[in-house]
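Please work through the exercises below with the sequence and the coordinates at hand. Each task is followed by a solution in steps.

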Amino acid sequence: MTPNQQLAADRDFCRRLTQSRGANFAVGFRFLPHRKRDAVYAAYAFCRFTDDLADEDGVADRVAALDAWQRELEVCYRGAPTHPVSRALAASLEEFPIPKQGFADLLAGCRRDLVQTRYPTYNDLLEYCREVAVSISEISLGIFGVRSPAAHEHGRHLALGLQLTNILRDVAEDLGRDRIYLPQEELARFGVNEDGLRGGLDTPGVRELLAFQADRALHHFRAAAPLLDCIDPDAKRTTALLGAVYVAVLREIVRRDHDVFHGRVRLSTARKIGIAARGVLSPRIVDE
């Protein structure tokens with residue numbers, strides 16, 4: 001296989017992984033120009049591998065696996081990658097200033113998941129979100145292109161909106177793993193203990209607790225709105241769609257009266273297509 005054939009195969013591997021594992025993101029990625037799309041697929045695949053090492057079954061020694069993947073990150077940025085994902089990423093590093101620190105922060109967040117299952121305060125949760133979500137924003141901005149320094153703060157808000165929506169949607173799934181990302185101080189504020197949270201919406205205070213989380217996530221999405229004017233125009237539709245899809249997930253949770261305990265909240269293919277169609281005509285993160 002020639003070097004060009006190898007790179008094409010590596011990029012195809014990343015594309016297929018992204019489309020199979022990141023359906024909510026892949027909708028928006030399709031609107032990027034080819035070279036940025038290749039870079040985003042590679043970055044997403046690297047992040048997906050990182051996350052799977054911490055979460056998926058079949059990884060015998062998660063710490064050792066994350067250590068090995070950290071070493072792969074180092075050799076990738078030195079230009080000597082050995083894995084299809086890191087080879088594709090290394091090729092994109094020749095075109096885009098993708099910060100290594102973003103991947104390093106994500107690895108730190110995945111290590112945190114191995115040892116920390118509760119977050120006493122919202123500030124504690126924000127530090128975790130900085131590692132696993134704001135890091136992804138910084139990686140993405142390196143590819144999308146920054147036209148204003150304000151992009152980083154608006155990107156932070158978008159990342160927090162996405163992550164807080166994920167946390168809200170996955171409350172029941174995380175409970176099954178004995179993880180609670182909702183801050184302990186906020187459970188106490190609404191008079192909910194852990195057993196009560198496991199009881200779902202039948203427990204007094206749970207619906208109000210979840211509504212509070214949803215309101216905060218929506219606040220971050222609204223604060224992210226100016227991001228579209230701070231990045232390269234050819235990434236505007238993609239960024240808007242990434243946000244709009246998750247805003248739709250958030251609003252579906254609210255429409256269900258915050259019931260995240262009976263089936264995972266998903267958007268139908270038709271609804272995603274509708275969001276994409278509207279986004280092509282009028283890109284925006286929050287459609288009021």
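The exercises concern a predicted model and treat its aromatic pairs, a buried histidine, its empty spaces and its backbone angles.

**Exercise 1. Aromatic pairs**

Task: Classify the ring pairs F46–F103 and F190–F212 by geometry, and state where their members lie.

Solution.
1. The search of the whole structure yields eleven aromatic pairs. In one of them, F46 and F103 have ring centres 5.0 Å apart and planes at 65 degrees. Planes over 60 degrees apart count as edge-to-face, and the F46–F103 pair is assigned to that class.
2. This pair links distant parts of the chain, with F46 in helix α3 (residues 34-55) and F103 in helix α6 (residues 100-115), 57 residues apart.
3. F46 counts as buried because its relative accessibility is 0%; F103, at 1%, also counts as buried.
4. For F190 and F212, the centres are 5.7 Å apart and the planes stand at 50 degrees, so the pair is tilted.
5. F190 lies in the loop between α10 (184-189) and α11 (194-198), whereas F212 belongs to helix α12; 22 residues separate them.
6. F190 is partly exposed, with a relative accessible area of 24%, and F212 is partly exposed at 27%.
7. Ring pairs also join F13, F46, F49, W69, Y77 and F103 into a cluster.

**Exercise 2. The surroundings of H220**

Task: Decide whether H220 is buried or exposed, and list which residues H220 touches.

Solution.
1. H220 is found in helix α12 (residues 206-223).
2. The relative accessibility of H220 is 7%. Buried means under 20%, so H220 counts as buried.
3. Leaving aside residues up to four places away in sequence, H220 touches Y122, H157, L158, L160, G161 and L164.
4. Y122 has a further partner: the charged end of R216 sits over the ring of Y122, 3.7 Å from its centre.

**Exercise 3. A cavity and a pocket**

Task: Describe the lining of the largest cavity and of the second largest pocket, by residue and by class.

Solution.
1. The structure holds one cavity of 30 Å³ or more, and the volume of the largest cavity is about 50 Å³.
2. I167, V171, D174, L175, R179, I180, Y181, L182 and L197 line the largest cavity. Helix α9 (residues 171-176) gives the most to this lining, with three residues.
3. By class, the cavity lining has seven nonpolar, no polar and two charged residues.
4. The second largest pocket has a volume of about 260 Å³. Its lining consists of A244, V247, A248, R251, R271, I275, R278, G279, S282, R284, I285 and D287.
5. Helices α13 (236-255) and α14 (269-281) each supply at least two residues of this pocket lining.
6. The pocket lining comprises five nonpolar, two polar and five charged residues.

**Exercise 4. Positive phi angles**

Task: State where D178 and D257 lie, and what is notable about the phi of D178 and of D257.

Solution.
1. Most residues other than glycine have a negative phi.
2. D178 has a positive phi of about 60 degrees although it is not a glycine. D178 is placed in the loop between α9 and α10, and is partly exposed, with a relative accessible area of 38%.
3. D257 likewise has a positive phi, near 60 degrees, and is not a glycine. The place of D257 is in the loop between α13 and α14; at 37% relative accessibility, D257 counts as partly exposed.

Methods:
Residues numbered from 1 in each chain as written. Predicted model: local features only at pLDDT ≥ 70, side-chain atom pairs only at ≥ 80, totals over all residues. Heavy atoms only, no water. 1 Å grid on protein atoms, 1.4 Å probe; cavity = no way out; pocket = protein on both sides within 12 Å on 5 of 7 lines; lining within 4 Å. Points joined across faces, edges and corners; volume = space filled by probe spheres on them. Helix = DSSP H or I, 4+ residues; strand = E, 2+ residues; numbered from the N terminus. Nonpolar A, V, L, I, M, F, W, Y, C, P; charged D, E, K, R; others polar. Buried < 20%, exposed > 50% of the residue type's maximum accessible area, 1.4 Å probe, protein only. Contact = heavy atoms within 4.5 Å. Phe/Tyr/Trp six-rings, centres within 6.5 Å; stacked < 30°, edge-to-face > 60°. Lys NZ or Arg CZ within 6 Å of the ring centre and 35° of its normal.
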